[in-house]
Amino acid sequence: MAYTIKSQPTTPNCTYTSLVYNVSSSNATQPQFNYLMDVYLSGSSNRLARIRQFPNTINEAVFDPSRILNDNLGYTLNFTTTAQLTNNNVRTFSIEFGEEYGTSSSSSLAVTSSISSSLLEVFPCQIDPNNGTSFNYLNSASAVILSDRANDINEYEGVKERISVYNGTAGSEDVTINYSLGGSTTTAVPAGQFYLISFPFTAPSSGSVTVSFGNDSFTKNYQPKCHYPTYNFHFINKYGVWENFSTNLPVRGNVKLDKQNYTQTFVNYASTGTYDVTRRGESNYSTGVEEDLTISTDWLSQTQAEWITQMIESDEVYLAVSPTTTTFKPIVITNASYVQNTGKKDQKTFMYDITFRYANQRIGR
């Protein structure tokens, strides 16, 4: 069998992109011919999916298993400890290809033995199709901080933070956290084809913190809490890992009630019909509560504002409100639109209003 995998994605890679496999076979003109793609977790014999495809106009096939792989990933809800993210966030899959065809248009089909591609390691990150480079994750051989956070975005004292990194180099790399008021911490991230680790720490009360890893770094400034509680958001960013943002501005609330009523007659016909001024005509038998909260960011530069939009677009966001900084509750950000970019002359800074509701609303009456 002259079966050929002509192209395949690089590894590691993202599931929110196109993971393109191009395959061909010299048997493609046989009766009832189909190309097959099987997806397995690496080391498992349990097949997750089988996709069949007819030959295209040049007797080849193009497969994209990105959505299948993405459905078998998840996010580790771990806000308090350091952990290597290799359970749900990062997984290795075996993508295997084969073919089936018969001896005539009415015969039974015979499936050939599968041909394995190289293993593919993926995590739920996003690739911009307009990057002008490729579908592939671009930093596969680098030590990078998995964040687009700009410098000097204010944070507030006492919040729990996340920093996620990826070491794709051939040697160990150090994550260094330098505190402007003195002191530093260093954590070694081992070499490996794919390695993700998150570092939680508690923010200082003032000063700044600079995080460095490989050739990447950014600085956070810290402010003391004012009269209002600090809202600390943890969200999945475009790289498929947790990071955080906090703000200390006042929250505005908007409560919508969904009331279900019925109306009964003033005269109680089921009794003696005695006059009773306390008898209710219209009655409320169910009240649903939906509470939307809105909080503003500080004034942000263009680069800072673009980073915040990753939280507005995120499908996984949790919130802790001081003084309980370790209890994170799921929320849903309900912003339907935002202004991403305007002219540099008429707007140099941005302030976003972030509207959200708790995923578990309080019970109505």
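This passage describes helix α2, the disulfide, the salt bridges, a surface patch and several residue pairs in a predicted model.

Helix α2 comprises the 12 residues 302-313, and its dimensions can be checked against the rise of 1.5 Å a residue, from which a span of 16 Å is expected. The C-alpha atoms at the two ends of α2 lie 17 Å apart in the model, which agrees with that expectation. The helix is mostly covered, since 9 of its 12 residues are buried. These buried positions are Q302, Q304, A305, W307, I308, T309, Q310, M311 and I312. The strands against which the buried residues of α2 pack are β13 (153-156), β22 (231-236) and β23 (242-247), together with β26 (317-321), β27 (329-333) and β28 (353-358).

One of these strands, β27, contains V332, a residue that is classed as partly exposed because its relative accessible area is 40%, a value between the limits of 20% and 50%. Leaving aside residues up to four places away in sequence, V332 is in contact with T355, F356, R357 and A359. For the last of these, A359, the C-alpha to C-alpha distance to V332 is 5.8 Å, while the two residues are 27 residues apart in sequence.

R357, one of the residues touched by V332, also takes part in a salt bridge, in which its side chain meets that of D292 with an N to O distance of 2.9 Å. Because R357 lies in strand β28 and D292 in strand β25, this pair ties together parts of the chain that are 65 residues apart in sequence. The two partners fall into separate accessibility classes, in that R357 is partly exposed with a relative accessible area of 22%, whereas D292, at 17%, counts as buried. Salt bridges with shared partners further join R357 and D292 with K256 and E290 into one network.

In total, the structure holds 11 salt bridges. Among them is the pair formed by D148 and K238, whose side chains meet at 4.0 Å, N to O. This salt bridge also links distant parts of the chain, as D148 is placed in the loop between β12 (143-145) and β13 and K238 in the loop between β22 and β23, with 90 residues separating the two in sequence. Both residues are partly exposed, D148 with a relative accessibility of 31% and K238 with a relative accessible area of 25%. A further salt bridge is formed between the side chains of R47 and D38, for which the N to O distance is 4.0 Å. In this case R47 is partly exposed, having a relative accessible area of 43%, but D38 is buried, with a value of 2%.

The covalent cross-linking of the chain was examined next. The structure holds 1 disulfide, which joins C14 to C125 with an S to S distance of 1.7 Å. C14 belongs to strand β2 (residues 13-16) and C125 to strand β11 (residues 120-126), so that the bond links distant parts of the chain, 111 residues apart. The torsion about the S-S bond of C14 and C125 is about -90°, and the disulfide is therefore left-handed. Both C14 and C125 are buried.

A separation of 111 residues in sequence is also found for D128 and T17, whose C-alpha atoms are 7.7 Å apart in space. D128 is located in the loop between β11 and β12 and is partly exposed, with a relative accessible area of 41%. A wide spatial separation is provided by I115 and G183, which are 68 residues apart along the chain and have C-alpha atoms separated by 54 Å. I115 is found in strand β10 (residues 115-116), where it counts as partly exposed at 25% relative accessibility.

On the surface of the model, F266, V267, Y269, Y275 and V277 form a nonpolar patch, and their accessible area together is about 610 Å². Within this group, Y269 is positioned in the loop between β24 (252-263) and β25 (282-296). Y269 counts as exposed because its relative accessibility of 67% lies over the limit of 50%.

Note on methods: Residues numbered from 1 in each chain as written. Predicted model: local features only at pLDDT ≥ 70, side-chain atom pairs only at ≥ 80, totals over all residues. Heavy atoms only, no water. Helix = DSSP H or I, 4+ residues; strand = E, 2+ residues; numbered from the N terminus. Expected span 1.5 Å × (residues − 1). Buried < 20%, exposed > 50% of the residue type's maximum accessible area, 1.4 Å probe, protein only. Contact = heavy atoms within 4.5 Å. Patch = residues over 30% accessible without salt bridge, like charges linked within 9 Å, V, L, I, M, F, W, Y side chains within 5 Å. Areas by Shrake-Rupley, 256 points an atom, 1.4 Å probe, with all protein chains shown as cover. Disulfide = S-S within 2.5 Å.
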